[in-house]
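Visitor: Hey, got a minute to walk me through this one? I'd like to start with a hairpin and then wander.

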Amino acid sequence: MTNEKSAEEVEKILNMQEEILQFEHFTNEDAIELGNIMLNEAKVRGLHAAISIRRSNGAIVFQAMMDGTTPDNLEWIERKFNTVIRVESSSLLWFMKEKNNDITMQNKALDDTFYATCGGGFPIRVEEAGVIGAILVSGLSHAADHDFIVKCLSKYLHTDEVPRIQTN
């Protein structure tokens with residue numbers, strides 16, 4: 001993230017993204033369709049990323065690893081998933097909340113061997129139901145992981161007016 005926006009402004013944008021990028025419903029077929037959009041976008045952009053879409057119970061509905069990714073990317077995905085499901089927000093929003101509010105993972109009893117406070121995990125929030133899963137990316141910078149998810153979700157949901165954070 002660039003220093004053009006204050007930490008408070010970034011946190012506000014992240015909250016708006018989560019408010020806007022919600023689903024009316026979300027099935028396994030939706031996960032596969034979204035996953036394929038993400039995979040194709042990664043191919044077009046020449047990104048080396050691992051992508052995973054999971055249900056809250058941990059069931060992996062879609063997962064792909066582009067060339068250039070390693071098992072380390074899967075470890076990051078696992079930790080980002082745990083964070084999203086535990087705090088019911090994006091892992092980047094949690095990172096910003098820590099930064100802005102002087103809280104730590106330890107304050108919230110979150111062991112950093114199981115949780116990650118960095119971008120790349122985004123909640124699948126269904127209107128009237130809440131968080132039912134997570135979309136996860138690893139392989140880019142943590143802000144770019146997050147922004148990649150937002151871009152692909154915006155495309156999938158046909159939502160053009162989603163504020164975005166600056167990524168390097």
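Guide: Sure. Keep in mind that this is a predicted model. Strand 3 and strand 4 make a hairpin, with three residues between them.

Visitor: Which residue in the turn has a positive phi?

Guide: That's E128, with phi at about 75°.

Visitor: And in what sense do strand 3 and strand 4 pair, over how many bridges?

Guide: Antiparallel, over six bridges. Strand 3 covers residues 121-126, and strand 4 runs through residues 130-138.

Visitor: What's the bridge partner of V126?

Guide: G130, in strand 4.

Visitor: How many residues of strand 3 are buried?

Guide: Six of its six, so to speak; strand 3 is mostly covered.

Visitor: OK, zooming out. How many helices and strands are there in the chain?

Guide: Five helices and four strands. Along the sequence they come in the pattern α-α-β-β-α-α-β-β-α.

Visitor: And how compact is the chain for its length?

Guide: As compact as a globular protein of that length, because its radius of gyration is 15 Å and the globule rule gives a close 15 Å for 168 residues. The C-alpha trace spans about 40 × 35 × 35 Å along its principal axes.

Visitor: What share of the residues count as buried?

Guide: 48% of the 168. As for the accessible surface, that comes to about 8300 Å², with 46% of it belonging to carbon and sulfur atoms.

Visitor: What about contacts far apart in sequence, what percentage join residues at least 24 apart?

Guide: 67%, counting contacts between residues at least 6 apart in sequence.

Visitor: Charges next. How far apart are the mean positions of the positive and negative ones?

Guide: 2 Å, for 16 positive and 26 negative charges.

Visitor: Let's go to helix 4. Which of its residues are buried?

Guide: Helix 4 is residues 91-101, and its buried residues are S91, L92, L93, W94, M96 and E98.

Visitor: What covers them?

Guide: The cover includes helix 1 (7-20), helix 3 (71-87) and helix 5 (142-157). Strand 3, from our hairpin, is also part of that cover.

Visitor: What sits in the loop between helix 3 and helix 4?

Guide: One residue found there is E88. Its phi is near 55°, a positive value in a residue other than glycine.

Visitor: Remind me, what sign of phi do most residues other than glycine have?

Guide: Negative.

Visitor: Is E88 buried, exposed or partly exposed?

Guide: E88 counts as partly exposed, because its relative accessibility is 45% and the partly exposed class lies between 20% and 50%.

Visitor: Where does H158 lie, and what is its phi near?

Guide: H158 lies in the segment after helix 5. Its phi is near 55°, again positive in a residue other than glycine.

Visitor: Buried or exposed, that H158?

Guide: Exposed, since H158 has a relative accessible area of 71%.

Visitor: Last one: R86. Where is it found, and what does it touch?

Guide: R86 is found in helix 3. Leaving out residues up to four places away in sequence, R86 touches K108, A109, L110 and Y115. It's partly exposed, with a relative accessible area of 44%.

Visitor: And how far is the C-alpha of R86 from that of N101?

Guide: The two C-alpha atoms are separated by 18 Å, with R86 and N101 sitting 15 residues apart along the chain.

Conventions. Residues are numbered from 1 along each chain as its sequence is written. This is a predicted model: local features need pLDDT of at least 70, side-chain atom pairs count only at pLDDT 80 or more; totals for chains, interfaces and linings use all residues. Side-chain values use heavy atoms; hydrogens and water are left out. Buried means under 20% relative accessible area, exposed over 50%, partly exposed in between (1.4 Å probe, protein chains only). Helices (H or I, at least four residues) and strands (E, at least two) are DSSP runs, numbered from the N terminus. Two strands pair if DSSP finds at least two bridges between them. The radius of gyration is taken over C-alpha atoms; the globule rule is 2.2 Å times the number of residues to the power 0.38. Contact means heavy atoms within 4.5 Å. Accessible areas come from the Shrake-Rupley method with a 1.4 Å probe; for residues, only the protein chains shown count as cover. Lys and Arg count as positive and Asp and Glu as negative; His and the chain ends are not counted. The place of a charge is taken as NZ of Lys, CZ of Arg, CG of Asp or CD of Glu.
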